[in-house]
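Please open the model in your viewer and keep the selection panel at hand. The tour below moves from one selection to the next and says what is found at each stop.

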Amino acid sequence: MEISRKSCFISQQFLLRKKLLLGGSKRHRLITTVWQPKRNNCSTIQSTPVMNHMEKLLVQTPSKQYPIYFGSRILDSKQYFEPHIPGDKVLIVTNTVVGPLYLERLIRTLKSANKKVCFIQIPDGEIHKNLTTLSVLYDKCMENRLDRKSTLIALGGGVIGDLTGFAAATFVRGVPFIQVPTTLLAVVDSAVGGKTGVNHPKGKNMIGAFYQPQAVVVDINTLSTLDDRQLAAGLAEVIKYGLIRDVEFLEWCETNMERLKKRDPEALSFAMYRSCENKSDVVSADERESGVRAILNLGHTFGHAIEAGTGFSSWLHGEAVAAGMVMAAEMSYRMGWLRKEDVVRVETILARASLPIRPPPTMTLEKFMTFMSVDKKVESGKLKLVLLRSIGNAIITGDFPVDVLEDTILHFQKLVLQHPEQYEVPFASQSL
Ligand SMILES: O=C(O)C(=O)C[C@@H](O)[C@H](O)[C@H](O)COP(=O)(O)O
């Protein structure tokens with residue numbers, strides 16, 4: 001489908017360039033927004049910059065300014081925690097996988113800063129990111145007589161961070177919290193930006209709050225215990241930054257994918273830092289997602305439908321986002337924005353990262369449409385999608401013919417129904 005456009009408005013923003021494009025026939029009239037980072041020139045990253053012993057990145061939002069510390073074994077250094085803990089009590093929230101690995105060390109560090117430490121370990125998995133688990137967290141806060149000066153610490157992946165953050169946002173109307181992400185996905189995505197919350201059976205992250213942490217402490221050594229599937233899930237969000245606003249970084253990912261998969265420390269550290277820089281830029285420009293922040297949702301409307309449609313039990317968030325980004329790319333092609341080779345480029349980088357590039361065979365058109373209809377980007381009953389105007393340029397638009405969306409979903413359904421066994425979890429590999 002060809003869509004003609006004319007640019008009618010261009011304005012310079014802090015760090016971001018925003019274009020409002022209007023045009024086309026009435027049916028295809030497109031009112032959409034394109035953002036590009038200032039830095040997005042076409043040069044390539046010549047070599048992978050080496051991170052020093054400790055790097056610090058500042059996230060500056062209207063509600064809070066806070067550091068992200070990246071370093072090796074910084075879990076053992078009280079200096080990264082103490083300045084961000086105002087009172088004497090700390091509750092560490094972790095899960096039964098991460099707890100046995102790192103809890104003792106963190107307790108020792110906090111005790112060396114004279115903090116009274118209690119902890120709770122919840123079962124692992126997205127299926128536990130719900131109101132029932134949240135209630136268990138509140139019970140623990142009450143049991144330990146936490147007060148407004150008490151600090152919650154999230155030690156774990158995205159589920160732990162989102163749950164703990166929401167408990168912190170709401171217990172006694174708000175206590176400080178610190179994110180200590182131990183998965184790649186949590187480092188590059190969920191620990192930064194203050195989106196906290198839990199799932200509803202009918203929709204992902206439907207109950208939550210924007211609530212920024214005091215600090216994010218990334219001990220890069222904790223990533224050494226990640227299994228390959230979790231690593232790949234994190235790579236989906238890394239690749240996302242390249243697709244939505246940082247082509248230079250996408251090219252770097254394409255060149256360095258084997259190093260990333262082999263957990264080359266230099267490559268992983270750079271990928272984490274650059275991803276957090278991208279996230280921090282976007283979140284600083286639009287803390288509460290009134291506009292540009294929604295580009296971080298590329299692939300998420302399809303992906304969240306997959307997660308909810310499969311009961312939050314079999315797909316990792318990053319896996320669902322990967323398949324969702326391919327669906328968004330295909331739809332962008334059908335809108336006349338991407339070329340077929342761009343779609344193949346998206347599929348190729350994700351498949352190289354060992355991620356699924358198709359939705360599961362159980363996700364029918366009806367199922368997709370039902371779960372997508374409760375997406376948080378729905379406004380007055382109208383769904384908005386994050387699509388790609390070109391590789392490196394995400395757009396947020398509600399102005400697309402619904403048959404293009406339906407045809408896109410049906411296209412994938414047809415593909416996966418030819419060989420359903422190839423598209424069930426776990427994803428050994430999916431071919432193009
Ligand atoms: O931080 C954001 O904004 C994002 O959209 C990042 C996403 O990658 C992340 O998965 C987020 O939690 C999704 O938020 P939601 O509002 O779509 O539930």
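**First stop: α6 and α10**

The crossing of α6 and α10 is left-handed, a term used when the near helix is turned anticlockwise from the far one by less than a right angle, whereas clockwise would make it right-handed. Before going on, note that this is a predicted model, in which local features need pLDDT of at least 70 and side-chain atom pairs count only at pLDDT 80 or more, while totals for chains, interfaces and linings use all residues. Residues are numbered from 1 along each chain as its sequence is written, and side-chain values use heavy atoms, with hydrogens and water left out.

Select residues 247-261 for helix α6 and residues 340-352 for helix α10, whose axes lie 10 Å apart at an angle of about 20°. That angle makes α6 roughly parallel to α10, since angles under 35 degrees count as roughly parallel, over 145 as roughly antiparallel, 65 to 115 as roughly perpendicular and the rest as oblique. Show side chains next: Leu-250, Glu-251, Cys-253, Glu-254, Met-257, Glu-258 and Lys-261 of α6 make the contact with Arg-345, Ile-349 and Arg-352 of α10, contact being heavy atoms within 4.5 Å. Of the residues in this contact of α6 with α10, six are charged, four are nonpolar and none is polar.

While α6 is selected, pick Val-247, which lies in this helix and counts as buried at 19% relative accessibility (buried is under 20% relative accessible area, exposed over 50%, partly exposed in between, with a 1.4 Å probe and protein chains only). Its C-alpha atom is separated by 7.0 Å from that of Ile-391, although the two residues are 144 apart along the chain.

**Second stop: α5 and α9**

Now select helix α5 (residues 228-245) together with α9; their axes come within 7 Å and cross at roughly 40°, and the two helices are therefore oblique to each other. The crossing of α5 and α9 is left-handed. Here Arg-229, Ala-233, Ala-236, Glu-237, Lys-240 and Leu-243 in α5 meet His-317, Gly-318, Glu-319, Val-321, Ala-322 and Met-325 in α9.

**Third stop: the core**

Which residues have the most contacts inside the largest nonpolar core? They are Leu-184 and Leu-350, in a core of 89 residues. Its largest share, 10 residues, comes from helix α9 (residues 317-334). Finish by centring on Leu-184: leaving aside neighbours within four places in sequence, Leu-184 is in contact with residues including Leu-223, Leu-226, Val-238 and Met-272.

Technical notes:
Axes fitted to C-alpha atoms, helices over the stretch in contact; angles between N-to-C directions. Helix = DSSP H or I, 4+ residues; strand = E, 2+ residues; numbered from the N terminus. Nonpolar A, V, L, I, M, F, W, Y, C, P; charged D, E, K, R; others polar. Core = buried A, V, L, I, M, F, W, Y, C linked by side-chain atoms within 4.5 Å.
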